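Trainee: I've just opened this one and don't know my way around yet. Could you walk me through a few spots?

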Amino acid sequence: MAILLIADVHANYTALEAVLDSAGSVDAVWCLGDTVGYGPQPNECVATVRERAEIVLVGNHDLGCLGTISLIQFNREARIANEWNGQQLDDEHRTFLLDLEPMVRVSDAVTLAHGSPRDPVWEYVLDAEIAQRVFEHFDTQLCFVGHTHQPAIYQLKGQRCARIVPSDGLVLELDPDVRYVINPGGVGQPRDGDARAAWALYDPAAATVTFRRTAYNIRRTQSLMIDAGLPELLAARLSFGL
Ligand code: ZN
């Protein structure tokens, strides 16, 4: 069984398509939020995620685009992009996003949260110190998160939390005695210095998580952003994965 984990698509449809192509046939898709915001194709991304994903979370940028949370909490470029994304969204996609939760307990084994199980909308799990404190806020072995746009594995064994930065192709074999917070990285705006879209495959039967990167046509996304009048800085950063 293969479950495709995607996060932070951010209206980058070219990246999303490349990831879905590269993942091929999967049994399910779980989307960890921030499907819109930043990028040039919010409707295409929501339509595809609605069609393909069994579970979709809402993230802080989705909520910003919907007007549910104030745009004051975003930096200038993000604010402009969120406003633009919000104006583009079709009513049915808006209604779909408005209905979503930022955290879902999928089973006795797995929780999903956009930011973290402690603060599903806003908290960035960026290091082992932060990760250590979020384990008490969920009761499953695994929690998959997004939001930082950086692939990461946090593993808690006893009282000790360690961080592993997964490289492309890494297969993590889940240890039943260890609890994990795992971020597959960002599809539409990676921020770990690697411009390729990041994603992961979770196989519950084999107890593995495989981390993957996929190159996509960044120039296409950038030219759509410039044509739409989105901030140049947001287009430029895609080339660097920052
Ligand atoms: Zn995001």
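Mentor: Sure, and keep in mind that this is a predicted model. Let's begin with Ile-3, which touches Ala-28, Trp-30, Ala-200, Leu-201, Tyr-202 and Pro-204, leaving aside residues up to four places away in sequence.

Trainee: Which element does Ile-3 sit in?

Mentor: Look for the run covering residues 3–6. Ile-3 belongs to that run, and its name is strand E1.

Trainee: Is Ile-3 buried or exposed?

Mentor: The cut-off for buried is under 20% relative accessible area. Ile-3 has a relative accessible area of 2%, so the verdict is buried.

Trainee: And how far is Ile-3 from His-137, going by C-alpha atoms?

Mentor: Along the chain the two are 134 residues apart. In space, the C-alpha atoms of Ile-3 and His-137 are separated by 24 Å.

Trainee: Let's move on to empty space. How many cavities of 30 Å³ or more are there?

Mentor: The largest holds about 40 Å³ of space. The second largest holds about 30 Å³. With that size limit, the count is two.

Trainee: How many charged residues line the largest cavity?

Mentor: Its lining includes His-10, Asn-12, Tyr-38 and Met-225. Sorted by class, four lining residues are nonpolar and six are polar. That lining's count of charged residues is zero: there are no charged residues.

Trainee: Which element gives the most to the lining of the second largest cavity?

Mentor: Among the residues lining that cavity are Leu-16, Leu-20, Thr-48, Val-49 and Arg-52. Two elements give two or more residues to it, helix H1 (13–23) and helix H2 (42–52). The top giver, with three residues, is H2.

Trainee: What about classes there: how many nonpolar residues does the lining of the second largest cavity have?

Mentor: One residue in that lining is polar and one is charged. The nonpolar count is six.

Trainee: Now the backbone. What is the phi of Asp-8?

Mentor: Asp-8 is in the loop between E1 and H1. At 0% relative accessibility, Asp-8 counts as buried. Its phi is positive although Asp-8 is a residue other than glycine, with a value near 50 degrees.

Trainee: His-149 also has a positive phi. Where is His-149 found?

Mentor: His-149 isn't a glycine, and its phi is about 65 degrees. With a relative accessible area of 2%, His-149 is buried. As for its place, strand E6 (142–145) and strand E7 (152–157) flank it, so to find His-149 look in the loop between E6 and E7.

Definitions and conventions
Residues numbered from 1 in each chain as written. Predicted model: local features only at pLDDT ≥ 70, side-chain atom pairs only at ≥ 80, totals over all residues. Heavy atoms only, no water. Helix = DSSP H or I, 4+ residues; strand = E, 2+ residues; numbered from the N terminus. Buried < 20%, exposed > 50% of the residue type's maximum accessible area, 1.4 Å probe, protein only. Contact = heavy atoms within 4.5 Å. 1 Å grid on protein atoms, 1.4 Å probe; cavity = no way out; pocket = protein on both sides within 12 Å on 5 of 7 lines; lining within 4 Å. Points joined across faces, edges and corners; volume = space filled by probe spheres on them. Nonpolar A, V, L, I, M, F, W, Y, C, P; charged D, E, K, R; others polar.
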